[in-house]
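Please open the structure in your viewer and keep the sequence panel visible beside it. This tour moves from one selection to the next and says what is there at each stop.

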Amino acid sequence: SFQPLHGLAGAPSVGIVDFLQALPFPKWPSPFPPLVLSVAGTWTGSQPTPMQWMAGLYLAPATVGRTGCESFQLLLGGRRDSALYPSVDGANHLDEYTIFGPDDRSEGRAWQIGKGYPQAEDG
């Protein structure tokens, strides 16, 4: 289940908000999310899970398993016919790709977390 990123008394953690606001890329200026966005990843059994809106960014926890890699797509409104996905399957932040969608033509293309890093070790 989704675990919000909150501090004491249910308020967003000041440290998290300060960190997110300091990131060196543009954020959505409104305190309200522009749309409902979900993530469907291998760690969620590919089930759409709503993302949390905080400090102009969408956030979602991800559990990286024993292989050290996980894949995901973003879904507008949690709908598979409104997927956002990379032009290249397995793309990550180091790859060149175009973002496609929202549509139902993802054909299995997804982003990958952990690609290019050493295999996870037991422990």
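Helices (H or I, at least four residues) and strands (E, at least two) are DSSP runs, numbered from the N terminus. The model is a predicted one, in which local features need pLDDT of at least 70 and side-chain atom pairs count only at pLDDT 80 or more, while totals for chains, interfaces and linings use all residues. Residues are numbered from 1 along each chain as its sequence is written, and side-chain values use heavy atoms, with hydrogens and water left out.

**The whole chain**

Begin with everything selected: the chain has 1 helix and 8 strands, and from the N terminus on its elements run α-β-β-β-β-β-β-β-β. Of the 123 residues in the chain, 28% are buried, where buried means under 20% relative accessible area, exposed means over 50%, and partly exposed lies in between (1.4 Å probe, protein chains only).

**Strand β5 and its partners**

Now select residues 70-76, which form strand β5. Why is β5 largely enclosed by the rest of the structure? The reason is that 5 of its 7 residues are buried.

Keep β5 on screen and add its partners one at a time, remembering that two strands pair if DSSP finds at least two bridges between them.

- Add strand β1 (residues 37-41), which pairs with β5 in the antiparallel sense over 5 bridges; here A40 stands opposite Q73 in β5.
- Add strand β8 (residues 111-113), which pairs with β5 in the antiparallel sense over 3 bridges; here F72 stands opposite W111 in β8.
- Add strand β6 (residues 83-86), which pairs with β5 in the antiparallel sense over 2 bridges; here L84 in β6 is the bridge partner of L74.

While β5 and β6 are both shown, look at their hairpin, which has 6 residues between the strands and in which G77 takes a positive phi near 65°.

**The loop between β6 and β7**

Next, select N92, which has its place in the loop between β6 and β7. Is N92 buried or exposed? Its relative accessibility is 6%, so N92 counts as buried. The side chain of N92 reaches the backbone nitrogen of L94 at 2.7 Å. If neighbours within four places in sequence are left aside, N92 is in contact (heavy atoms within 4.5 Å) with Y97, Q112 and K115.

From there, move to Y97, which lies in the loop between β6 and β7 (99-103) and which, at 31% relative accessibility, counts as partly exposed.

**A cis peptide bond**

Select G101 and P102 together, and you will find that a cis peptide bond joins them, with omega at about 5°. P102 has its place in strand β7.

**Two residues with positive phi**

Which residues other than glycine can be visited for a positive phi? A55 is one of them, with phi near 55°; A55 is found in the loop between β3 (52-54) and β4 (57-59), and its relative accessible area of 24% makes it partly exposed.

End the tour at S46, which has a positive phi of about 65° although it is not a glycine. S46 is found in the loop between β1 and β2 (49-50), and with a relative accessible area of 35% S46 is partly exposed.

Note on methods
A polar contact is a pair of N or O atoms within 3.5 Å; within protein, one must be able to donate a hydrogen and the other to accept it, and residues adjacent in sequence count only if both atoms are side-chain atoms.
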